[in-house]
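User: I'd like to understand the labels that people put on a model like this one. Could we go through some of them together, with the reasons behind each?

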Amino acid sequence: MDVRRISLEIRSTNCGNNITNLLELLDREQIRCRNIILCQDATMQNRMDATLRKYRPDVRIINYASYQAVVQWDGDRLAFQEEIHGMWDMDRYVNLLMGEIPRLTDGPEGYGPRGRQFIAHVDIPEEVQTAFTELKKVYGERTREANPLFA
């Protein structure tokens, strides 16, 4: 394949828009594809995948998290094992992670088909749901709320 141009989607304000605006751009530019590489922050990779699967179930998705954050206990606090350039502080990172499980849940409040219908169904492993429930005991309901301006 001979690639002679680059198209850039610049209007997105959230994960869902990243996908829907990308698909609009591909359609407008008449770019047809069977495979798409999703390169996203690891905290939102699953949701990006589920959004693309909802709108283009026939496309093969290749997921690539742009970095891997390893969190460890450092005395009396959580810390990243290695510094990641441009990374959020730990409180913001935990907040982002805690916000993903409610979004990925396929129920009335989640983003799945039985909820807000923003994404395709996602199976949340029992061990992840258990960890989320345990973390809520420490972090409470400090899960990142979606900004209603960008719904």
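**Labels and the values behind them**

User: Why is R53 called partly exposed?

Analyst: Its relative accessible area is 32%. Buried means under 20%, exposed means over 50%, and partly exposed is what lies in between (1.4 Å probe, protein chains only). R53 falls in the middle class, therefore it is called partly exposed.

A word on the ground rules: this is a predicted model, where local features need pLDDT of at least 70 and side-chain atom pairs count only at pLDDT 80 or more, while totals for chains, interfaces and linings use all residues. Residues are numbered from 1 along each chain as its sequence is written, and side-chain values use heavy atoms, with hydrogens and water left out.

User: What makes D49 and R53 a salt bridge?

Analyst: Their closest N and O atoms are 2.7 Å apart. The term asks for a side-chain nitrogen of Lys or Arg within 4 Å of a carboxyl oxygen of Asp or Glu, so this pair qualifies. In general, side chains of opposite charge can pair when their charged atoms come close. The two residues lie in helix 2, 4 residues apart, about one turn of the helix.

User: And D49, is it buried or exposed?

Analyst: D49 is buried, because its relative accessibility is 13%. Its partner R53, as we saw, is partly exposed.

User: How do you know that K137 and E134 form a salt bridge?

Analyst: Their closest N and O atoms are 2.9 Å apart, which meets the cut-off. These residues sit in helix 4 at a spacing of 3 residues, about one turn of the helix. K137 counts as exposed because it reaches 61%, whereas E134, at 42%, is partly exposed. Elsewhere, salt bridges that share partners join D27, R32 and R56 into one network.

User: Why does the pair D74 and R77 count too?

Analyst: The closest N and O atoms are 3.3 Å apart, so the pair is still inside the salt-bridge limit. D74 has 36% relative accessible area and R77 has 46%, which makes each of them partly exposed. Over the whole structure, the search finds 9 salt bridges.

User: What makes T43 a buried residue?

Analyst: Its relative accessible area is 6%, which is under the limit for buried, so T43 earns the label. T43 lies in the loop between strand 1 and helix 2 (45-55). Leaving aside neighbours within four places in sequence, T43 is in contact (heavy atoms within 4.5 Å) with W88, Y93, L97 and E100. R77 is 34 residues from T43 in sequence and 20 Å away in space, C-alpha to C-alpha.

User: What makes Q30 and Q117 worth a look?

Analyst: Their backbones. Q30 has a positive phi of about 55° although it is not a glycine, and phi of Q117, also not a glycine, is near 65°. Q30 belongs to the loop between helix 1 (15-28) and strand 1 (35-40); Q117 belongs to the loop between helix 3 (90-104) and helix 4 (126-139). Q30 is exposed because its relative accessibility is 64%, while Q117, at 47%, is partly exposed.

User: How do you know where helices and strands begin and end?

Analyst: They are DSSP runs, numbered from the N terminus: H or I of at least four residues for a helix, E of at least two for a strand. That gives 4 helices and 4 strands, in the order α-β-α-β-β-β-α-α.

User: What sums up the chain as a whole?

Analyst: The C-alpha trace spans about 55 × 35 × 30 Å along its principal axes. Of the 151 residues, 34% are buried. Among contacts with a separation of 6 or more, 50% come from residues 24 or more positions apart.

User: And what does the charge count cover?

Analyst: The chain has 20 positive and 23 negative side chains. Lys and Arg count as positive, Asp and Glu as negative, and His and the chain ends are not counted. Each charge is placed at NZ of Lys, CZ of Arg, CG of Asp or CD of Glu, and the centres of the two sets lie 8 Å apart.
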